[in-house]
Amino acid sequence: MPELPEVETLARGLQRTIAGRRIVSVTLGKTDFIDNPSALEEFLPGLSIERVERFGKFMLLRLGGEASGNGTAHSVSAASLLVHLGMTGHMAPQPAAEPFSKHTHARFLLDDGCELRYTDPRRFGRMAYLAGEKLLAELGRFGVDPLEVSELEFGALLKSHKSRIKALLLDQSALRGVGNIYADESLWRAKIHPKRIAATISQGVSRKLRKALQDILREAIALRGSSISDFLDAQGQPGEYQRRHRAYGREAKPCYRCKTPIRRVIVAGRSSYFCPKCQPAPKSVKHKLKRRKPVTSRRKPASQ
DNA sequence: CTCGATCCCTGGACGC
DNA sequence: TGCGTCCAGGGATCGA
């Protein structure tokens, strides 16, 4: 599941291998994950990939060069191909002569004889050619990059949301790039229960969470991400960070700090792994368990 | 504003 | 070996 570190890894790999290449032609397979498939076929041929960046969980292929026909230099310079890998997306250059694998839905022939190929069995990903105002508007929907957010900004973000902290971390319009794995890992390191209401988190704990989040993302990038659902970088190498997971995917296994079995609950519709001892439940959650005596009048209504 | 439910999709795990 | 069933999950959408 490509999140920020995996997308960063892939973007860096592509920057090294395909930046500067010109797109010769575009061949599409299934297109239900592409915003406007014909725009890709119409505008991409002839443009060059100037650089590859990460934006949240998106890869941004910045395009340049002459548009096919009437585009002005200005509109072309702001054009980009936006690529979201969803759950199972992958993108890598391969020799054009090599056969492509089963779920390859987009192929971009480059001027060096390689083909940039997008593969995605589940097609939870997304691809869009956007330029000018439309590109700006699209990018504007997303929140701040977690690696760039200041302590002050992060604190204000928490204070202004009454949602659960896990839901907030996953909210791409608040913070762009954090997914289920790194949300759980950060909450574990900062010792915060996933159901804590963001606005109730103290300044001190907020600082701790921001540091945990940033440290973990940097560590994960250094190890080329987590390879869980067969994530591979642009060179086909798996990441190593899955070996460092302390919470994610560790249900019933002992907490690395206190040996208490890790638990799994659903928060924000996602599996959330946490240590019930290190990450104590907020009062609002404990309450439901407390309820000493089920009030006698509370028996099932005699409706039937 | 925030929530849960539902849908999209396919491969892998599991049970028989 | 093969089949059916369940599940994973990012994001959009909708009703509560």
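**Entry 1: the protein beside DNA strand B**

I started at Arg123, where a polar side-chain atom lies 3.3 Å from a phosphate oxygen of DNA strand B. I count a pair of N or O atoms within 3.5 Å as a polar contact; within protein, one atom must be able to donate a hydrogen and the other to accept it, and residues adjacent in sequence count only if both atoms are side-chain atoms. This is a predicted model, in which local features need pLDDT of at least 70, side-chain atom pairs count only at pLDDT 80 or more, and totals for chains, interfaces and linings use all residues. Residues are numbered from 1 along each chain as its sequence is written, chains are lettered from A and ligands numbered from 1 in the order in which they are written, and side-chain values use heavy atoms, with hydrogens and water left out.

I then looked for other phosphate contacts on strand B. His103 has a side-chain N or O atom 2.6 Å from a phosphate oxygen of DNA strand B. For Arg164, the distance from such a side-chain atom to a phosphate oxygen of this strand is 2.8 Å.

Next I listed the residues near DNA strand B, meaning those with a heavy atom within 4 Å of it. They are Lys30, Lys102, His103, Pro121, Arg122, Arg123, Phe124, His161, Lys162, Ser163, Arg164 and Ala167. Of the atoms of DNA strand B that come within 4 Å of the protein, 72% are sugar and phosphate. By class, I found six charged, three polar and three nonpolar residues on this surface. Here Ala, Val, Leu, Ile, Met, Phe, Trp, Tyr, Cys and Pro count as nonpolar, Asp, Glu, Lys and Arg as charged, and the others, Gly among them, as polar.

**Entry 2: the protein beside DNA strand C**

I repeated the search for DNA strand C. The residues around it include Lys57, His84, Met87, Arg122, Phe124, Arg141, Gln172 and Asn180. Tyr248, Arg264, Arg270 and Ser271 are also among them. Sugar or phosphate makes up 51% of the atoms of DNA strand C within 4 Å of the protein, and bases make up the rest. This surface has five charged, four polar and three nonpolar residues.

Which base atom does Arg122 approach? A polar atom of the Arg122 side chain lies 2.7 Å from a base nitrogen of DNA strand C. Tyr248 approaches the backbone instead, with a polar side-chain atom 2.7 Å from a phosphate oxygen of DNA strand C. Ser271 has a side-chain N or O atom 3.2 Å from a phosphate oxygen of this strand.

**Entry 3: Ser272**

I moved on to Ser272, which sits in strand β10 (270-274). Helices (H or I, at least four residues) and strands (E, at least two) are DSSP runs, numbered from the N terminus. Is Ser272 buried or exposed? Ser272 is buried, at a relative accessible area of 0%. Buried means under 20%, exposed over 50% and partly exposed in between (1.4 Å probe, protein chains only).

The Ser272 side chain makes a polar contact of 2.6 Å with that of Lys166. The Ser272 side chain also reaches the backbone oxygen of Arg270, at 3.2 Å. Neighbours within four places aside, Ser272 has contacts (heavy atoms within 4.5 Å) with residues including Asp184, Pro194, Arg263 and Val265.

**Entry 4: positive phi**

I checked two residues that are not glycine. Lys191 has a positive phi of about 60 degrees. Lys191 lies in the loop between α7 and α8 and is partly exposed at 43%. Ala268 has a positive phi of about 55 degrees. Ala268 is in the loop between β9 (263-267) and β10, and is partly exposed at 42%.

**Entry 5: the cores**

I looked up the nonpolar cores, each a set of buried Ala, Val, Leu, Ile, Met, Phe, Trp, Tyr and Cys residues joined through side-chain atoms within 4.5 Å. The largest has 37 residues, and Leu158, Ile165, Leu169 and Leu209 have the most contacts inside it. Two or more residues each come from α5 (151-159), α6 (165-170), α7 (180-189) and α8 (203-222). The most come from α8, which gives seven. Another core lies apart from this one, with 32 residues, among them Ile23, Met59, Leu63 and Ala106.

**Entry 6: helix α4**

Last, I took α4 (residues 132-139), where Leu135, Glu138 and Leu139 are buried. These lie on the same side of α4, because they cover an arc of only 95 degrees around the axis. The arc uses the directions from the helix axis to the C-beta atoms. The buried residues of α4 pack against β2 (48-55), β3 (58-64), β4 (80-84) and β8 (126-130). Glu133, Leu136 and Ala137 are exposed on the face turned away from the buried side.
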